[in-house]
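Thanks for coming, everyone. I have one structure to walk through today. Have a look at it first, and then we start.

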Amino acid sequence: MPSPARLVVMISGAGSNLLALDDACRRGDLDGQIVGVLSDRPAALGLERARTRGLHAEALPIAAGESRSDHDARLLAAVSKLQPDLVLLAGYMRILDAAFVHALQGRLLNIHPSLLPRYKGLHTHRRALEAGDALHGATVHFVTPDLDGGPPVLQARIKINPGDDESTLAARVQRCEHVIYPTAVQWCTSGRLRYQEGTPMLDGHPLETPVLQDFDL
Ligand code: GRF
């Protein structure tokens with residue numbers, strides 16, 4: 001991978017992970033540069049935050065009558081134009097179709113707010129609380145067409161406190177996300193982490209289970 005690696009970040013919301021990734025690049029902890037931020041939502045706060053930092057930021061909302069696959073093809077064209085080494089989903093809330101995922105397989109990562117394979121999909125904090133779980137966290141994984149089911153590479157784990165509600169839990173999980181996402185991306189940019197025929201390889205060995213990092217927050 002070239003140094004710095006070309007990173008494209010895809011968002012739908014506030015963009016706190018985007019900022020954490022950009023901070024890591026600017027600090028020199030991550031050997032990358034964000035060459036573009038794309039969003040399906042023109043009003044996403046993260047787009048504005050990206051522009052404030054001088055980053056290239058584009059909105060590509062789905063057009064009236066446009067099919068999901070046409071939209072994803074348009075998105076893929078916009079991503080490809082930026083010639084990314086890695087594409088990082090950071091709160092991108094639309095499901096990407098198989099053609100999009102296959103075109104970027106091995107270069108497409110996501111951060112998900114749960115200890116996958118528990119709680120794929122939405123409302124992960126609520127579901128962990130309702131289940132009475134003692135532990136919760138976030139996962140960085142390679143993206144495959146199986147939603148939130150691609151191979152996990154790095155997990156952050158925290159304890160659920162007795163007084164936690166959805167928002168206190170979400171806030172602590174996000175603090176962990178801002179650490180583990182840049183870390184996992186740096187593993188890729190440095191060549192430590194590769195994707196080989198569906199298997200993540202870390203330091204030359206197949207990663208059977210994700211690396212687990214406990215946070216005392
Ligand atoms: C994060 O919690 C991430 O795990 C999930 O969406 C949220 C995005 O937050 N996929 P932000 O836009 O990065 O602040």
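**Two cis prolines, one pocket, one small sheet**

Let's begin at the front of the chain. P4 sits in the segment before β1, and β1 covers residues 5-11. Look at the bond that leads into this proline. The peptide bond from S3 to P4 is cis, with omega near -5 degrees. Keep in mind that this is a predicted model.

There is another cis bond further along. This one joins L116 and P117, and omega is about 15 degrees. Where is P117? It lies in the loop between β5 and α5, the helix of residues 124-130. Stay in that loop, because in general most residues other than glycine have a negative phi, and most peptide bonds are trans. H123 is also placed in the loop between β5 and α5. H123 is not a glycine, yet its phi is positive, about 55 degrees. So mark that loop on your printout: P117 is in it, and H123 is in it.

Now the ligand. Which pocket does the ligand sit in? The largest pocket. Which elements give two or more residues to the shell around it? They are α1 (16-27), β5 (108-112) and α6 (166-189).

Here is the roll call of the shell. From the early part of the numbering we have G13, A14, G15, S16 and N17. Then come G91, I111, H112 and P113. Q174 and E177 complete the list. How does the shell split by class? It has 3 nonpolar, 7 polar and 1 charged residues.

Let's take three contacts, each to an oxygen atom of the ligand. With G15, a polar backbone atom is 2.8 Å from a ligand oxygen. With P113, the backbone is again involved: an N or O atom there lies 3.5 Å from a ligand oxygen. With E177, the side chain takes part, and one of its polar atoms is 2.6 Å from a ligand oxygen. And how much of the ligand is covered? Alone, the ligand exposes 370 Å², and the protein buries 84% of that.

Last stop, the small sheet. How many strands does this open sheet have? It has 3, in the order β8-β9-β10, and the pairing is antiparallel. The edge strands are β8 and β10, each pairing on one side only.

Take the β8 side. Strand β8, residues 193-196, pairs with strand β9, residues 199-202, over 4 bridges. Y195 stands opposite P200 of β9. The two strands form a hairpin with 2 residues between them, and there E197 takes a positive phi near 45 degrees.

Now the β10 side. β9 and β10, residues 205-206, are joined by 2 bridges and run antiparallel. M201 has P206 in β10 as its bridge partner. This is a hairpin too, with 2 residues between the strands. In its turn, D203 has a positive phi of about 50 degrees.

To recap the sheet: E197 belongs to the hairpin of β8 and β9, and D203 to the turn between β9 and β10. That's my tour. Over to you.

Methods
Residues are numbered from 1 along each chain as its sequence is written. This is a predicted model: local features need pLDDT of at least 70, side-chain atom pairs count only at pLDDT 80 or more; totals for chains, interfaces and linings use all residues. Side-chain values use heavy atoms; hydrogens and water are left out. A residue is near a molecule or strand if one of its heavy atoms lies within 4 Å of it. A polar contact is a pair of N or O atoms within 3.5 Å; within protein, one must be able to donate a hydrogen and the other to accept it, and residues adjacent in sequence count only if both atoms are side-chain atoms. Accessible areas come from the Shrake-Rupley method with a 1.4 Å probe; for residues, only the protein chains shown count as cover. On a 1 Å grid over the protein atoms alone, a cavity is a set of points where a 1.4 Å probe fits but cannot get out, and a pocket is an open set with protein on both sides within 12 Å along at least five of seven lines; lining residues have an atom within 4 Å of a point. A molecule sits in a cavity or pocket if more than half of its atoms lie within 2 Å of its grid points. Ala, Val, Leu, Ile, Met, Phe, Trp, Tyr, Cys and Pro count as nonpolar, Asp, Glu, Lys and Arg as charged, and the others, Gly among them, as polar. Two strands pair if DSSP finds at least two bridges between them.
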